[in-house]
Amino acid sequence: MHKGAIFPLFYLPPIEFFSQMKAHKEQIVIEAYEHFPKQTYRNRAIIHSPQGKLDLIVPVIKGSKVHTKVKDVKISYDFNWQRLHWLSIQTSYRRSAYFEFYEDAFARFYEDKWDFLFDYNLELLQLISKSLKLDLPHTFSNSYEESYDDRNDYRKSIHPKMPSSRPFKEYFQVFDDRNGFLPNLSVVDLLFNQGPQSAAFL
């Protein structure tokens, strides 16, 4: 029997995140009470732009970075980051095979506004899971625990500054002729390039 696992909520999560979720799909807990950590995938995604890797960062309201529960972190709209992110996604993927198929579903995340990063990321997770045809039932933590004996903990191990321990099957990427294959990008890179075949690469 598989151990359960606890996951943070990420913005347009990397492929590794969904590979691990798929492996634990019967016992997933989402962390809601950790203090918001800086420079993680919680408000950052990496896509494949014409120039190579490009970070997309969702700004949060100042003060959210210190001792604020992740479920209470608010998104900042001091500048129009949504327009910038959507233009970057369009520039990077409009030539991909399946971008137009998913475009309308993702567009609303760059038009509507959410108060809380947690709610925004959760709705994105639901959309991406549905697009990947993955059934990922989950519960939420109701307090913060430093460590767990009975489940795998992915709150720190899936991190932009840490290489993944998982091997990645290569797939076609729009700009791989100039940048080579870039592994473990945001799962939207896989989705826009591979469409319905994406789940087979997890």
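The legends below describe several views of a predicted model, beginning with the whole chain and moving on to close-ups of its parts.

Because the model is predicted, local features are described only where pLDDT is at least 70 and side-chain atom pairs only at pLDDT 80 or more, whereas totals for chains, interfaces and linings use all residues. Residues are numbered from 1 along each chain as its sequence is written, and side-chain values use heavy atoms, with hydrogens and water left out.

**Figure 1. The whole chain, with its 6 helices and 6 strands.** Helices (H or I, at least four residues) and strands (E, at least two) are DSSP runs, numbered from the N terminus. Read from the N terminus on, the elements follow the order β-α-β-β-β-α-α-α-β-β-α-α. The radius of gyration of the chain, taken over C-alpha atoms, is 16 Å, close to the 17 Å that the globule rule (2.2 Å times the number of residues to the power 0.38) gives for 202 residues, so the chain is as compact as a globular protein of that length. The C-alpha trace spans about 45 × 45 × 30 Å along its principal axes. Buried residues, meaning those under 20% relative accessible area (exposed is over 50%, partly exposed in between, with a 1.4 Å probe and protein chains only), make up 52% of the 202 residues. Contact means heavy atoms within 4.5 Å, and among contacts between residues at least 6 apart in sequence, 71% join residues at least 24 apart.

**Figure 2. The open sheet of 4 strands, in the order 5-2-1-6.** The pairing in this sheet is parallel, where two strands pair if DSSP finds at least two bridges between them. Strand 5 (138–140) and strand 6 (151–153) stand at the edges with a single partner strand each, so one side of each is left without a neighbour in the sheet. Neighbouring strands are turned by 30° against each other on average, direction ignored. Strand 2 and strand 5, which run parallel, are joined by 3 bridges, and isoleucine 30 has phenylalanine 140 in strand 5 as its bridge partner.

**Figure 3. The hairpin of strand 3 and strand 4, with 2 residues between them.** Strand 3 (residues 44–49) and strand 4 (residues 52–57) pair in the antiparallel sense over 6 bridges. One bridge partner can be picked out in strand 4, where leucine 54 is matched with isoleucine 47. Strand 3 is mostly covered, with 6 of its 6 residues buried; Arg44, Ile46 and His48 point one way from the strand, while Ala45, Ile47 and Ser49 point the other way.

**Figure 4. Helix 1 (residues 15–23) and the elements around its buried residues.** Of the 9 residues in this helix, 7 are buried, namely Ile15, Glu16, Phe17, Phe18, Ser19, Gln20 and Met21. These buried residues pack against strand 1 (4–7), strand 2 (28–30), helix 4 (117–131) and helix 6 (187–194). Helix 1 and helix 4 pack at an angle of about 75°, with their axes 13 Å apart, the axes being lines fitted to C-alpha atoms over the stretch in contact and the angles running from 0 to 180 degrees between N-to-C directions. The two helices are therefore roughly perpendicular to each other (angles under 35 degrees count as roughly parallel, over 145 as roughly antiparallel, 65 to 115 as roughly perpendicular and the rest as oblique). Phe17, Phe18 and Met21 of helix 1 meet Leu125, Ile128 and Ser129 of helix 4.

**Figure 5. The packing of helix 2 (residues 81–93) with helix 3 (residues 99–107).** The angle between these helices is about 175°, and their axes lie 12 Å apart, so helix 2 and helix 3 are roughly antiparallel to each other. Helix 2 contributes Trp86, Ile89, Gln90 and Tyr93 to the contact, and helix 3 contributes Phe99, Glu103, Phe106 and Ala107.

**Figure 6. Two loop residues, serine 76 and aspartate 149.** Serine 76, in the loop between strand 4 and helix 2, is buried, with a relative accessible area of 9%. Leaving aside residues up to four places away in sequence, serine 76 touches Pro59, Val60, Ile61 and Trp81. Aspartate 149 lies in the loop between strand 5 and strand 6 and counts as exposed at 79% relative accessibility. Aspartate 149 and lysine 3 are 146 residues apart in sequence and 9.7 Å apart in space, C-alpha to C-alpha.
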